[in-house]
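The following exchange examines how the descriptions given to one protein chain are justified. Each answer sets a value against the criterion behind it.

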Amino acid sequence: HVTSRTATGTVADFDVNETRTSQLTAENYFARGRYDRNFASAFAFSGLGWDRNTFAGIHNRYSAVVGLGRTWVEGETGRFKTDLGVTYTIQKDVDPAPSADDAFTGVRFSIDATRRISASADYASVLIVDENLEDTDDLRADWINSVTVSVSEGLAFKTSIQFLYDKEPSLLSVPLVDGLGVPTGTTVPHPGDKVDNILTLTLVIRL
């Protein structure tokens, strides 16, 4: 879903109008890497990440995390583990707020769970919650639920639904129009959506 926004009024006093349409988009990119070192049921970890979501107002966001975790359940039918880490984030918005701090430390809590639901299907759920320690109102969450179905020894289909929550979403530039709907050539800042969802269909090749 894509939300088109326009504003009517003046730069100092305006109302925002939204129109939602469905269309395919390809402006959400991310890359993540993580290293775990196990110590019996506990583990230490570190990781790096980058993402870009211009529709949410994020041009580049870089993050680093280090922390400790524990594996509570590990077996053939499933896994459940949690971890807690300290983060450092650098975020460059498409339309940055004048007083925004684009680099901050934080704390991250995550849950990683999998469950065998049949001989050929597995369910997985990963929840990551990030808290900005320099601005505690800036809370973000990333929750991915997926089902992987094996069709052969080396081939599987994976369906995922991802929910992204941002308590303080980035600002978006909204075109300002007059009372007749004619563009004035001016834009006004307006927060994006707090919740986004992404549906993904993936072909998995096992080597």
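Q: How many helices and how many strands are there in the chain?
A: The model is a predicted one. The chain holds zero helices and 13 strands. A strand is counted from a run of at least two residues, whereas a helix needs at least four. From the N terminus on, the order is therefore written β-β-β-β-β-β-β-β-β-β-β-β-β.

Q: What makes a residue count as buried, and what percentage of the chain does so?
A: The criterion is a relative accessible area under 20%. Of the 207 residues of the chain, 29% count as buried, so these residues fall under that cut-off.

Q: How do you know what share of the contacts joins residues 24 or more positions apart?
A: Contact requires heavy atoms within 4.5 Å. Among contacts in the chain with a separation of 6 or more, 48% are between residues 24 or more positions apart.

Q: What makes Ile117, Tyr123, Val147, Val149, Val151, Phe157, Leu203, Ile205 and Leu207 a nonpolar surface patch?
A: Members must have over 30% relative accessible area and no salt bridge, and their nonpolar side chains are joined within 5 Å. These residues make a patch of about 910 Å², so they satisfy those conditions. Two or more patch residues come from each of β9 (139–152) and β13 (195–205). The largest share, three residues, is that of β9.

Q: Where is isoleucine 117 found?
A: Isoleucine 117 lies in the loop between β7 (103–116) and β8 (121–132).

How values were computed:
Residues numbered from 1 in each chain as written. Predicted model: local features only at pLDDT ≥ 70, side-chain atom pairs only at ≥ 80, totals over all residues. Heavy atoms only, no water. Buried < 20%, exposed > 50% of the residue type's maximum accessible area, 1.4 Å probe, protein only. Patch = residues over 30% accessible without salt bridge, like charges linked within 9 Å, V, L, I, M, F, W, Y side chains within 5 Å. Areas by Shrake-Rupley, 256 points an atom, 1.4 Å probe, with all protein chains shown as cover. Salt bridge = Lys/Arg side-chain N within 4 Å of Asp/Glu carboxyl O.
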